[in-house]
Amino acid sequence: MSQAAKPHVEAFLDSDSETFSYVICDPTSKKAVIIDPVLDFDYKSGRTSTEGAQRLVDYVRAHELELEWVLETHAHADHLSAAPYIKDALGGKIAIGEHIRDVQKLFKEVFDLEKEFLPNGAQFDQLFSDGDTFSVGSMEFRVLHTPGHTPADVAYIINEQMAFVGDTLFMPDVGTARCDFPGGSAATLYQSIKKLLALPAATDIYICHDYPPAGRSHECRTTVADQRAHSKHVHDGVSEAEFVTMREQRDASLAMPRLILPSIQVNIRAGEMPPADAQGKVYLKLPINQL
């Protein structure tokens with residue numbers, strides 16, 4: 001593949017949730033995907049805004065790109081998805097890993113969702129299985145199931161050159177995702193990370209969140225080689241037992257994400273809000289003593 005054909009990656013940081021969303025395009029065909037778009041949500045007022053998502057829409061339009069997919073790496077617990085807004089504005093299909101059905105089953109019970117909500121993944125346009133492949137222009141995508149943070153996490157590998165890994169890995173000086181949400185597993189996450197770090201050393205890794213320590217600004221890209229040499233949690237030589245002990249002890253000290261309760265019940269619906277009541281009002285639930 002020529003250098004000119006390498007996909008172009010444009011990263012957008014949502015500073016409130018420290019989330020990176022991406023527009024990735026094939027410069028030749030101008031076909032594109034968006035990964036992990038964010039809907040602004042003010043918890044205190046319960047108000048949503050599309051200001052952040054509009055930056056992605058404006059970029060796609062300004063560069064005359066054709067959007068084919070809105071790809072979710074998992075059902076996020078720290079922000080609401082803007083996938084429906086992106087789809088309405090630009091077209092494309094909303095996709096996630098097939099194990100979203102497991103997450104839906106777990107949280108249908110937590111939130112006591114309406115009987116009409118079926119945990120079958122049909123809220124999404126496409127459910128990907130591990131190993132699925134698809135093309136967007138000259139970009140070749142491979143789906144890698146990477147559970148542990150949640151049962152449904154997937155990474156999107158493009159042209160075997162770059163991997164969009166969601167919350168599974170952070171920058172090397174930050175570490176790895178937590179595993180204490182329903183359905184999470186530190187041992188499973190370790191195995192998933194090992195699959196990612198078996199990719200070629202030069203593979204670019206694009207992360208979903210960065211929580212930079214003092215002294216550096218937000219960054220979104222690292223490499224397999226950097227992770228294997230420098231990750232504070234899973235560098236070469238760290239055993240599964242050591243990782244599990246570290247991860248479980250650390251997770252026990254962490255507070256729940258600020259937006260987990262609104263986020264999950266929206267994101268398992270592919271970013272749609274719950275059904276409105278007879279007066280046209282929409283409500284989110286606040287389960288007590290369940291997380």
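A residue counts as buried here when its relative accessible area is under 20%. Keep that cut-off in mind, because threonine 73, with a relative accessible area of 1%, falls on the buried side of it. We will come to that residue on the tour. The model in your viewer is predicted.

**The whole chain**

Start with everything shown as a cartoon. The chain holds seven helices and 15 strands. Its radius of gyration is 18 Å, close to the 19 Å that the globule rule gives for 291 residues, so the chain is as compact as a globular protein of that length. Turn the C-alpha trace along its principal axes and you will find that it spans about 55 × 50 × 40 Å.

Now switch on a surface. The accessible surface comes to about 12700 Å², and 50% of that belongs to carbon and sulfur atoms. Of the 291 residues, 52% count as buried. As for contacts between residues at least 6 apart in sequence, 66% join residues at least 24 apart.

**The six-stranded sheet**

Next, hide the surface and select strands E1, E2, E3, E6, E8 and E9. They make an open sheet of six strands in just that order, with mixed pairing. Which strands stand at the edges of this sheet? They are strand E1 (8-14) and strand E9 (126-128); each has a single partner strand, so one side of each is left without a neighbour in the sheet. Look along the sheet and follow its twist, which averages 25° from one strand to the next.

Move inward to strand E3 (residues 31-35), which runs parallel to E6 and is joined to it by five bridges. Pick out isoleucine 35: leucine 71 in E6 stands opposite. Then add helix H2 (residues 83-90), which packs on the sheet and touches E3, E6 and strand E8 (93-97). The direction of H2 makes about 165° with that of E6.

**A stop on edge strand E1**

Select leucine 13, which is found in strand E1. Its relative accessibility is 26%, so leucine 13 counts as partly exposed. Leaving aside neighbours within four places in sequence, the contacts of leucine 13 are Glu18, Thr19, Phe20, Arg55 and His218. For a distance check, click the C-alpha atoms of leucine 13 and proline 37: the two residues are 24 apart along the chain, and the atoms are separated by 9.9 Å.

**The three-stranded sheet**

Now select E5, E4 and E7. In that order they form a second stop for sheet-watchers, an open sheet of three strands with antiparallel pairing. Strand E5 (47-49) and E7 stand at the edges, each with a single partner strand, so one side of each has no neighbour in the sheet. Zoom in on strand E4 (residues 38-42), which pairs with E5 in the antiparallel sense over three bridges. Phenylalanine 41 has threonine 48 in E5 as its bridge partner.

**The loop between E6 and E7**

Go on to the loop that holds threonine 73, between E6 and E7. Show side chains: what joins threonine 73 to aspartate 36? The answer is a polar contact of 2.9 Å between their side chains. Beyond the neighbours within four places in sequence, threonine 73 is in contact with Ile35, Asp36, Ala152, Asp153, Val154, Tyr156, Phe164 and Gly166. Isoleucine 35, which you picked out opposite leucine 71, is thus back in view.

Stay between strand E6 (66-71) and strand E7 (80-81), where alanine 77 also has its place. Is alanine 77 buried or exposed? With a relative accessible area of 5%, alanine 77 is buried. Residues up to four places away in sequence aside, alanine 77 touches Phe181, Pro257, Leu259, Ile260, Ser263 and Ile264. Phenylalanine 243 lies 22 Å from alanine 77, C-alpha to C-alpha, and 166 residues away in sequence.

**Last stop: histidine 149**

Finally, select histidine 149 in the loop between strand E11 (139-145) and strand E12 (154-158). Histidine 149 counts as buried, at 4% relative accessibility. Display its polar contacts: the side chain of histidine 149 meets the side chain of aspartate 167 at 3.3 Å, and a polar atom of that histidine side chain lies 2.8 Å from the backbone oxygen of arginine 178. Not counting residues up to four places away in sequence, histidine 149 touches His74, Asp167, Ala177, Arg178, Phe181, Gly184 and Leu189. Leave Phe181 selected before you finish, as it appears in the contacts of alanine 77 and in those of histidine 149.

Key
Residues are numbered from 1 along each chain as its sequence is written. This is a predicted model: local features need pLDDT of at least 70, side-chain atom pairs count only at pLDDT 80 or more; totals for chains, interfaces and linings use all residues. Side-chain values use heavy atoms; hydrogens and water are left out. Helices (H or I, at least four residues) and strands (E, at least two) are DSSP runs, numbered from the N terminus. Buried means under 20% relative accessible area, exposed over 50%, partly exposed in between (1.4 Å probe, protein chains only). Contact means heavy atoms within 4.5 Å. Two strands pair if DSSP finds at least two bridges between them. Axes are lines fitted to C-alpha atoms, for helices over the stretch in contact, and angles run from 0 to 180 degrees between N-to-C directions. A polar contact is a pair of N or O atoms within 3.5 Å; within protein, one must be able to donate a hydrogen and the other to accept it, and residues adjacent in sequence count only if both atoms are side-chain atoms. The radius of gyration is taken over C-alpha atoms; the globule rule is 2.2 Å times the number of residues to the power 0.38. Accessible areas come from the Shrake-Rupley method with a 1.4 Å probe; for residues, only the protein chains shown count as cover.
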